[in-house]
Amino acid sequence: GSLDWESPIQYTQAVVQEGYRQYINSMFATLESLASTELKAVHAQRLRFENCFFFVERVGQFAGEDAVLRACCTRAQQVGETAQAAYIQEMLQWSPFWPILRLHQQLEDFICDIPLDEIPFQLGFSAKDMVDAIEKSFGQRKEVARRMAAIRDRVVKHLGKDTPLEKRVWKLLKEDLISHLTVLQHNLQRCYGSSRCNLPLQEIIRAASDL
């Protein structure tokens, strides 16, 4: 039978685009298969965003007016950013700061549900509980820089030292950490007043800027 194409060029373009689509779908499926074999979620997420961002970097420059390649680059970018955010969350959960970050998430839920003056009377949320979590997370103030450096060292181990991707992820991780802790400090003041529930926020910001 005849083909409903206006020209051989259009036919060739359609065949090439379908080939792109099938090849790239296979590539994404293979990436997910490889990621599923990783024993730790942090490594699975790293594998995803490393490969997706590499794909966007190398293929994006050739996408031009090709709708299929542009769509695939958009998909890869979205998958990469989602995996990158998940990686940062995994790194924060691994970090020495997780005890206070975990309470930060729970405290935000409490603030939505109960009056502020009742929060210090909730199990695990007394002023002493908060002070203990702060001390466990940050130790002595002089230890803050060392604990920040330990997180940076792990990012470097995963992504290489001073690579564009390492610099990008480390910048986002620092910003995420400081953002969470800034909100937490505000909430601690709201819930506990001028008690000892104070974060070494300036030390954290200073240590982050030095790395």
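Start by selecting R46 and E50, whose side chains meet in a salt bridge at 3.3 Å, N to O. A salt bridge here is a side-chain nitrogen of Lys or Arg within 4 Å of a carboxyl oxygen of Asp or Glu. Both residues lie in helix α2 (residues 41–63), four residues apart, about one turn of the helix. Helices (H or I, at least four residues) and strands (E, at least two) are DSSP runs, numbered from the N terminus. R46 is buried, with a relative accessible area of 19%, while E50 counts as partly exposed at 25%. Buried means under 20% relative accessible area, exposed over 50%, and partly exposed in between, with a 1.4 Å probe and protein chains only.

A word on what is on your screen: this is a predicted model, in which local features need pLDDT of at least 70 and side-chain atom pairs count only at pLDDT 80 or more, whereas totals for chains, interfaces and linings use all residues. Residues are numbered from 1 along each chain as its sequence is written, and side-chain values use heavy atoms, with hydrogens and water left out.

**Next: E143 and its partners**

The structure holds nine salt bridges, and two of them meet at E143. Select E143 with R146 to see a salt bridge of 2.9 Å, N to O. Then add R147, whose side chain meets that of E143 at 3.1 Å, N to O, in another salt bridge. Shared partners join E143, R146 and R147 into one network. Try colouring the three by accessibility: E143 is buried at 19%, R147 is buried at 14%, and R146 is exposed at 51%.

**Into the nonpolar core**

Now show I100, L107, M130, F138, M148, L181 and L188. Of the 44 residues in the largest nonpolar core, these touch the most other members. Such a core is a set of buried Ala, Val, Leu, Ile, Met, Phe, Trp, Tyr and Cys residues joined through side-chain atoms within 4.5 Å. At least two residues of this core come from each of α2, α3, α4, α5 (127–138), α6 (144–159), α7 (164–192) and α8 (201–210). The largest share, 11 residues, comes from α7.

Zoom in on M130. Leaving aside neighbours within four places in sequence, M130 is in contact with I100, L103, L107, F125, L188, Y192 and C197. Contact means heavy atoms within 4.5 Å. Apart from the largest core lies another core of 15 residues, among them F28, A44, F55 and A76.

**A cavity to look for**

Move on to H104, in helix α4 (residues 98–113). H104 counts as buried, at 4% relative accessibility. Beyond its neighbours within four places in sequence, H104 is in contact with H180, V183 and L184.

What lines the largest cavity? Select Q89, L92, W98, L101, H104, Q105 and H180 to see the lining. α3 (67–94) and α4 are the elements that give two or more residues to it, and α4 gives the most, with four. By class, the lining has three nonpolar, four polar and no charged residues. For these classes, Ala, Val, Leu, Ile, Met, Phe, Trp, Tyr, Cys and Pro count as nonpolar, Asp, Glu, Lys and Arg as charged, and the others, Gly among them, as polar.

About 40 Å³ of space lies in this largest cavity, and a search of the whole structure finds one cavity of 30 Å³ or more. On a 1 Å grid over the protein atoms alone, a cavity is a set of points where a 1.4 Å probe fits but cannot get out, and a pocket is an open set with protein on both sides within 12 Å along at least five of seven lines; lining residues have an atom within 4 Å of a point. Grid points are joined across faces, edges and corners, and a volume is the space filled by probe spheres set on the points.

**Over to the largest pocket**

Select V131, I134, E135, F138, G139, Q140, R141, R196, N198, L199 and P200, which line the largest pocket. The volume of this pocket is about 240 Å³. Its lining has five nonpolar, three polar and three charged residues.

**Last stop: D162**

Finish in the loop between α6 and α7, where D162 is found. Phi of D162 is near 65°, a positive value in a residue other than glycine. D162 is partly exposed, with a relative accessible area of 42%.
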